[in-house]
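Dear colleague,

I am passing on to you the structure that we spoke about, together with some notes on what turned up when I went through it. Please read the notes with the structure open beside you.

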Amino acid sequence: DDANHASTRRSLRAALARGRAGTVPTLMRSHCLPVVRMEGGVVVRRLMLAPDARDGREHAVPITIVHCERFVTSDSSDGSETLPLVCFMHGTGGDTEALVVSQLVPFARRGYVALGVDAPCHGRRLDPMTYTSAVEKINKKEKETEKKTRDEFTRGSHVSLTRSRGETFELYGRALCAAWNGKASYKKENNGYAGDARPFLYDGAWDALRAITFVTKGDARVDGDEDGINTGLWNSDDDGKTAHTQRSVPKKPRIDPTRVGIAGVSLGGMYSWFAAAAAPDLVTGAVAPLIGVSDFAWGLANGEWEARVGSLPPHVFDLAMMDLSSGKSTIVTSDVVTAVYEKITPGLLDSFDGRVSLPAISPRPLLVLNGEHDPRNPLVGVQGVVEATRLAYEKRGVSRAFTALAQINTNHECTPEMLRLTHQWLDATLRPAGRDASQSQTEVVTKATRDSETWRQL
């Protein structure tokens with residue numbers, strides 16, 4: 001089993017990489033925003049990772065890094081206390097900006113370096129036809145907008161502050177159609193997108209790993225080119241653009257490479273699952289997918305695929321339907337969906353589906369939270385994934401490191417209870433300095449499983 005899991009990790013990483021080396025990314029300075037200082041010593045950096053040499057600029061990755069200076073005693077080059085890193089990923093139609101106040105800042109205030117990554121075609125991603133982004137909308141937020149966003153996200157909405165959902169789905173749909181067309185070049189019929197890209201699941205997981213690599217290793221090298229690209233993470237504010245109260249360079253946190261966790265909601269939960277399964281050397285400490293774990297093949301075999309398909313832009317399924325029927329069909333069937341998955345995410349329905357790849361996360365701590373009545377992730381299919389994963393943890397002798405719960409009477413929604421439990425579990429697992437140290441990971445899980453009115457243990 002260990003050999004099988006190792007093989008799955010290698011194969012999945014190769015599928016995510018698509019021939020890319022995975023070296024430390026560089027920065028696109030022209031698309032990085034000024035450093036922002038918030039109350040209580042919180043520092044927010046909004047940066048843009050340059051794409052790999054073989055990719056177009058739509059593969060530039062917007063990331064947001066948040067930390068709190070009160071947990072940094074001195075410069076990162078000395079022996080000051082290290083901090084855990086947590087990467088928290090948004091869902092379909094959302095963006096990282098909507099997570100800054102609701103998720104990243106609270107993590108930072110408890111002693112984490114918190115990281116957010118905009119998914120392909122979401123948030124501050126560059127439009128391949130114009131190479132522009134929606135950064136100006138970030139600077140126009142008002143406090144009431146921030147509160148509205150925080151409240152909406154807590155209720156489970158997939159909120160975006162930088163692009164409308166319609167604009168996001170238009171770009172996302174174009175990228176998915178290009179992947180279906182499969183043309184490697186950036187041709188007009190692909191709207192500037194490359195046909196060898198994997199905008200659903202794979203590229204987003206790879207981008208999360210690139211972001212983690214940058215944050216944990218970004219000071220290892222400094223490169224430059226005619227666009228002013230520079231890789232030094234903590235040098236990103238050397239030009240004096242620090243916003244608000246001070247112009248001094250913020251203190252540099254030092255990250256503990258053994259305490260790197262990843263979590264996310266819905267699509268972000270799937271990113272966290274695939275990134276963790278593919279890269280145990282980067283995601284070392286904890287994994288917490290919320291309403292993201294699924295069994296795609298089970299859904300197709302049992303007629304439970306329509307809700308998942310409905311969460312994606314319809315463009316690609318309509319195009320596939322027309323291509324496969326030579327324009328004669330007007331119905332998207334399970335055969336059409338199977339063909340789309342096999343083309344845009346090769347291996348998803350067999351080599352990398354939930355029952356195969358989620359167990360590859362073992363023996364690292366893993367928390368799976370789903371909704372009892374989630375139509376996108378039907379619980380019967382999820383149960384099979386959980387059983388396979390539990391067996392892997394039991395064989396490694398670390399059964400307590402894996403927990404899977406379904407919130408009772410809950411659909412596809414990230415609830416306040418899910419977020420609260422995730423934060424508590426991550427605190428107990430990754431041990432940030434500002435956490436409530438009164439509860440161990442086992443105690444957090446035990447308390448949740450005893451709450452039978454809220455949680456159903458899988």
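Asn 370 stands opposite Ala 406, which belongs to strand 9, and this is a convenient place to enter the model, which is a predicted one. Strand 8, residues 366-371, runs parallel to strand 9, and the two are paired over six bridges. Together with helix 13, which covers residues 379-395, strand 8 and strand 9 form a β-α-β unit that is right-handed. Strand 9 also pairs with strand 10, residues 455-457, but here the sense is antiparallel and there are three bridges; within that pairing, Gln 407 stands opposite Trp 455 of strand 10.

Strand 9 itself, residues 402-407, is mostly covered, with six of its six residues buried. In a regular strand, side chains alternate between the two faces of the sheet. In strand 9, Phe 402, Ala 404 and Ala 406 lie on one side while Thr 403, Leu 405 and Gln 407 lie on the other, and both of these faces are covered.

Further along the chain comes helix 14, made up of the 15 residues 416-430, whose first and last C-alpha atoms are 21 Å apart, close to the 21 Å expected at 1.5 Å a residue. Because 11 of its 15 residues are buried, helix 14 is largely enclosed by the rest of the structure; among those buried residues are Met 418, His 423, Trp 425 and Asp 427. Just after helix 14, Arg 431 adopts a positive phi of about 55°.

Helix 5, residues 165-181, can be read in a similar way: its 17 residues should span 24 Å at 1.5 Å a residue, and its end C-alpha atoms are indeed 24 Å apart, so the two values agree. The buried residues of helix 5 include Phe 169, Tyr 172, Cys 177 and Trp 180, and the buried residues of this helix pack against helix 7 (267-278), helix 10 (315-324) and helix 11 (334-344). Just after helix 5, Gly 182 has a positive phi of about 75°. In helix 11, the residues that are buried are Val 336, Val 337, Ala 339, Val 340, Tyr 341 and Ile 344, and they pack against helix 5, helix 8, helix 9 (306-310) and helix 10.

One loop residue also deserves a look. Ser 294 sits in the loop between strand 7 (286-290) and helix 8 (296-301), and it counts as buried because its relative accessibility is 4%, where the cut-off is under 20%. The side chain of Ser 294 makes a polar contact, at 3.3 Å, with the side chain of Asn 377. When neighbours within four places in sequence are left aside, the residues in contact with Ser 294 include Trp 273, Asp 353, Arg 376 and Val 385.

Finally, there is the nonpolar interior. The largest nonpolar core has 128 residues, and Ile 63, Leu 115 and Phe 200 are those with the most contacts inside it. Not counting residues up to four places away in sequence, Leu 115 touches a set of residues that includes Ile 63, Leu 85, Phe 88, Leu 104, Ile 212 and Val 215. Apart from this largest core lies another, of five residues, among them Met 28, Met 48, Ala 50 and Ala 60.

With best wishes

Key: Residues are numbered from 1 along each chain as its sequence is written. This is a predicted model: local features need pLDDT of at least 70, side-chain atom pairs count only at pLDDT 80 or more; totals for chains, interfaces and linings use all residues. Side-chain values use heavy atoms; hydrogens and water are left out. A nonpolar core is a set of buried Ala, Val, Leu, Ile, Met, Phe, Trp, Tyr and Cys residues joined through side-chain atoms within 4.5 Å. Buried means under 20% relative accessible area, exposed over 50%, partly exposed in between (1.4 Å probe, protein chains only). Contact means heavy atoms within 4.5 Å. Helices (H or I, at least four residues) and strands (E, at least two) are DSSP runs, numbered from the N terminus. Two strands pair if DSSP finds at least two bridges between them. A crossover is right-handed if, with the strands pointing away from the viewer, the path from the first strand over the helix to the second runs clockwise. The expected span of a helix is 1.5 Å times one less than its number of residues. A polar contact is a pair of N or O atoms within 3.5 Å; within protein, one must be able to donate a hydrogen and the other to accept it, and residues adjacent in sequence count only if both atoms are side-chain atoms.
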